Amino acid sequence: MTADFRAEVEALRPQLLRYATLELRDRETAEDCVQEALLAALAGEASFEGRANLRTWLTGILKHKIVDAMRRSSRERTFDGEDEQGASHFDRLFDERGHWIEFPPDWGEPDGALEQKQFMQALERCLAGLPARTAQAFMLREHMGLDTDEICKQLGLTATHCWVLLYRARMALRECLEKHWFRR
Amino acid sequence: MNLSCKEATRLMSAAQDRELSIGERAALKVHLAVCKGCRIFDDQMHFLRRALRRLFGQE
């Protein structure tokens, strides 16, 4: 193992830790996953040979470790649904025929917000506020880019349950951003 | 197939995760043509995805 390779890999630890913490939300588990990924990378230096991007490669290894950790914790913990919003939570926005009771307010041209650090912080806080199970499915989809079949498989959910979680995540984030940014 | 707004919001979310069928796309298009609330929601869903991509450095 070359000293340079080791140093380069180690230098990516903070970024990988941020990535894993976004996914797992539990700092300790995130640290364990990153450590496992770095060790696997160092052991696998030969298989990195010739690839373009160390960070991309390392992130790929890390993703597997994260998914493994999620699978383990799914088995250990029971999501008793207490922190999950019931089916009726977003139904309350619609009348009995399914029409908006009140149109969502227009955010105008919101892309300017993307340049603002405080907006990104607000978005992160909104993500952190999602119920655990919802967050898990949503992060696998949006952050890790898994398709829904893969998410269902990893989390042991029916396809319907998956769609519902992703829907709730988007509804919740929309509401959160509206409340904490666009309607301040 | 006439969509309610509630159904439309579910389809707009699903569209971010899978390809909608021809029937679903047609029904959604018709609904959006006549429903300002859902047009606003549609924009917000697209913005949300752009924002997340920016947050995760995926651009």
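This report walks through a predicted model of two chains, A and B, from its confidence scores to the contact between them.

**Confidence**

Let's begin with the scores. The model as a whole comes with an ipTM of 0.96 and a pTM of 0.81. In chain A the mean pLDDT is 88, and 91% of the residues reach at least 70. Chain B has a mean pLDDT of 95, with 98% of its residues at least at 70. Within chain A, the element with the lowest mean pLDDT is helix 6, covering residues 88-91, at 82. The highest mean belongs to helix 10 of chain A, residues 159-182, at 95. Both helices come back below.

**The two chains**

Chain A is built from 10 helices and has 0 strands, so to speak an α element at each of the ten positions from the N terminus on. Its C-alpha atoms fill a box of roughly 65 × 40 × 25 Å along the principal axes. Chain B has 3 helices and 0 strands, giving the pattern α-α-α along the sequence. The C-alpha trace of chain B spans about 40 × 25 × 15 Å along its principal axes.

**A disulfide in chain A**

A search over all chains turns up 1 disulfide. It joins C126(A) to C176(A), with the sulfur atoms 2.0 Å apart. The torsion about this S-S bond is about -80 degrees, so the disulfide is left-handed. The bond ties together distant parts of the chain: C126(A) sits in helix 7 of chain A and C176(A) in helix 10 of chain A, 50 residues apart.

**Where the chains meet**

Now to the contact itself. Chain A brings 38 residues to it and chain B brings 27. About 3,000 Å² is buried between the two chains, and carbon and sulfur atoms account for 66% of that area. On the chain A side, three residues stand out: E142(A), Y167(A) and R170(A) supply 20% of the area that chain A buries against chain B, more than any other three residues.

Polar interactions also cross the contact. Between chain A and chain B there are 14 residue pairs in polar contact, with both residues at pLDDT 80 or more. Helix 7 (117-128), helix 8 (132-142) and helix 10 of chain A each give at least two residues to the side that touches chain B. Helix 10 of chain A gives the most, with 10 residues. By type, the residues on this side of chain A divide into 23 nonpolar, 4 polar and 11 charged.

**Salt bridges**

The structure holds 15 salt bridges over all chains, and the count between chain A and chain B is 7. Two of the bridges across the contact involve D91(A) and are set out here.

| Residue in chain A | Residue in chain B | Closest N and O atoms |
|---|---|---|
| D91(A) | K6(B) | 3.6 Å |
| D91(A) | R10(B) | 3.5 Å |

D91(A) therefore has a salt bridge to K6(B) under the cut-off of 4 Å between a side-chain nitrogen and a carboxyl oxygen. The bridge from D91(A) to R10(B) runs from helix 6 of chain A to helix 1 of chain B, residues 5-14.

**Drawing it together**

Two helices of chain A tie the sections of this report together. Helix 10 of chain A has the highest mean pLDDT among the elements of its chain, holds C176(A) of the disulfide and gives the most residues to the side that touches chain B. Helix 6 of chain A has the lowest mean pLDDT of those elements, and it holds D91(A), which pairs with R10(B) in helix 1 of chain B.

Key:
Residues are numbered from 1 along each chain as its sequence is written. Chains are lettered from A and ligands numbered from 1 in the order in which they are written. Side-chain values use heavy atoms; hydrogens and water are left out. pLDDT is the predictor's confidence in each residue, from 0 to 100. Helices (H or I, at least four residues) and strands (E, at least two) are DSSP runs, numbered from the N terminus. Contact means heavy atoms within 4.5 Å. Buried area is the accessible area (1.4 Å probe) that two parts lose on being put together, summed over both. A polar contact is a pair of N or O atoms within 3.5 Å; within protein, one must be able to donate a hydrogen and the other to accept it, and residues adjacent in sequence count only if both atoms are side-chain atoms. Ala, Val, Leu, Ile, Met, Phe, Trp, Tyr, Cys and Pro count as nonpolar, Asp, Glu, Lys and Arg as charged, and the others, Gly among them, as polar. A disulfide is a pair of cysteine sulfur atoms within 2.5 Å.
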